[in-house]
Amino acid sequence: MERKVEYIEICPECNSKSLTKDYERAEIVCNDCGLVIDEKIMDMGPEWRAFDYEQRVKRSRVGAPMTYTIHDKGLSTVIDWRDKDSYGKDIAPRSRAQIYRLRKWQQRIRVSNATERNLAFALTELDRVASRLTLPRNVRETAAVVYRKAVEKGLIRGRSIEGVAAASLYAACRKCKVPRTLDEIADSAKLNRKEIGRTYRFVSRELSISLKPTTPIDYVPRFGSELSLSGEVQSKAIEILGKAMSQELTSGRGPTGVSAAAIYIASVLLGERRTQREVADVAGVTEVTIRNRYKELAERLDIEITI
Ligand SMILES: [Zn+2]
């Protein structure tokens, strides 16, 4: 397999330029959306080749955690693979053919049972997390389709069912244009954000799911409604973001922070003021982020607001 040398400077998910290179794990992580962008730090040029060889060897020896197991309870009577009967005598050729078919059949049942159990568990998990995030039906269904495809392609092996389910949900949210941040998914799934980010990246690559980066505009409807802001304020925020995007003021910035800043400005402009704190809480960013982004936007777009 040919390995492409990528020089990543920008997050493919959210366009953020704020990336952390994690030498310990040899991966690059986006600080804004949490995506684990690349696990091939070694290919990243001379700077990266300095990466400690011993560490690499140690890690590859440990390997990926194996959490997927085939539950086979209740089907413990496996037909013997040797062609002997229970007294150790040879089995006649005719019976042998029969036994062969039986064995095949038993194996098939075992595999499909395990797959079914896996799916049933994953779908329950998907529903649990989705309802915690109050996601609409179509998102859950899309997530289930993604998960099923991942199972069919054998992508679950070496990964946790919960992790792949959460990653499928993250992909589905984006596909259905109701984006949730990795933080939100991680909180609801009670999983590590990085694990989901890593799994999502892997699954979306393997299934060739290509999603456009989430833009700040994508977050306006949800943040707006969580802040009980009118449609006018939301439209105003979208208008501001449209201008900001066309002037490339948003690239390299985390989309949630920019979205929140625009919403804040719009709320002030139209007399439905929300505090920076309130907006920050809904968007899952800090007040400092809002302050920095809104100052940038106001200055570059010539918006006069009195705070
Ligand atoms: Zn990102």
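This is a short tour of the structure in your viewer, which is a predicted model.

**The whole chain**

Start with everything in cartoon view. You should find 12 helices and 3 strands. Of the 307 residues in the chain, 34% are buried. Look at how the chain folds back on itself: counting contacts between residues at least 6 apart in sequence, 64% join residues at least 24 apart.

**The hairpin**

Now select residues 19–22, which are strand β1, together with β2. The two strands run antiparallel and are joined by 4 bridges. Show D22 as sticks and look across to β2, where E27 stands opposite. Between the strands are 4 residues that complete a hairpin, and A26 in that turn has a positive phi of about 55 degrees.

Stay with β2, residues 27–30, and pick out I28. Is I28 buried or exposed? I28 counts as buried, because 22 C-beta neighbours sit inside 10 Å and the cut-off for buried is 20 or more. Then add E9: its C-alpha atom is 9.9 Å from that of I28, although the two are 19 residues apart along the chain.

**Helix α4**

Next, select residues 137–152, helix α4. Try the distance tool on the end C-alpha atoms, which are 23 Å apart. That agrees with the 22 Å that 16 residues should span at 1.5 Å a residue. Colour V139, R140, T142, A143, A144, V146, Y147 and A150, since these are buried. Just after the helix comes G154, with a positive phi near 70 degrees.

**The largest nonpolar core**

Keep A143 selected and show what it touches: leaving aside residues up to four places away in sequence, its partners are L126, A130, S168, L169 and A172. A143 also belongs to the largest nonpolar core, which has 38 residues. Along with L126, Y147, A166, L169, Y170 and I196, it touches the most other members. Elements giving two or more residues to this core include β2, α3 (93–132), α4 and α7 (193–206). Which element gives the most? That is α5, with 9 residues. Now colour domain 1 (1–63) and domain 2 (93–206) separately; both give residues to this core, so it lies between them.

**A second core**

For the last stop, select V220, A260, A262 and I263. They are among the 26 residues of another core, which lies apart from the largest one. In soluble globular proteins, nonpolar side chains tend to be buried together.

Conventions. Residues numbered from 1 in each chain as written. Predicted model: local features only at pLDDT ≥ 70, side-chain atom pairs only at ≥ 80, totals over all residues. Buried ≥ 20, exposed ≤ 12 C-beta atoms within 10 Å, placed from the backbone. Contact = placed C-beta atoms within 7 Å. Expected span 1.5 Å × (residues − 1). Core = buried A, V, L, I, M, F, W, Y, C linked by C-beta atoms within 7 Å. Domains from an automatic or database assignment. Pairing = 2+ DSSP bridges.
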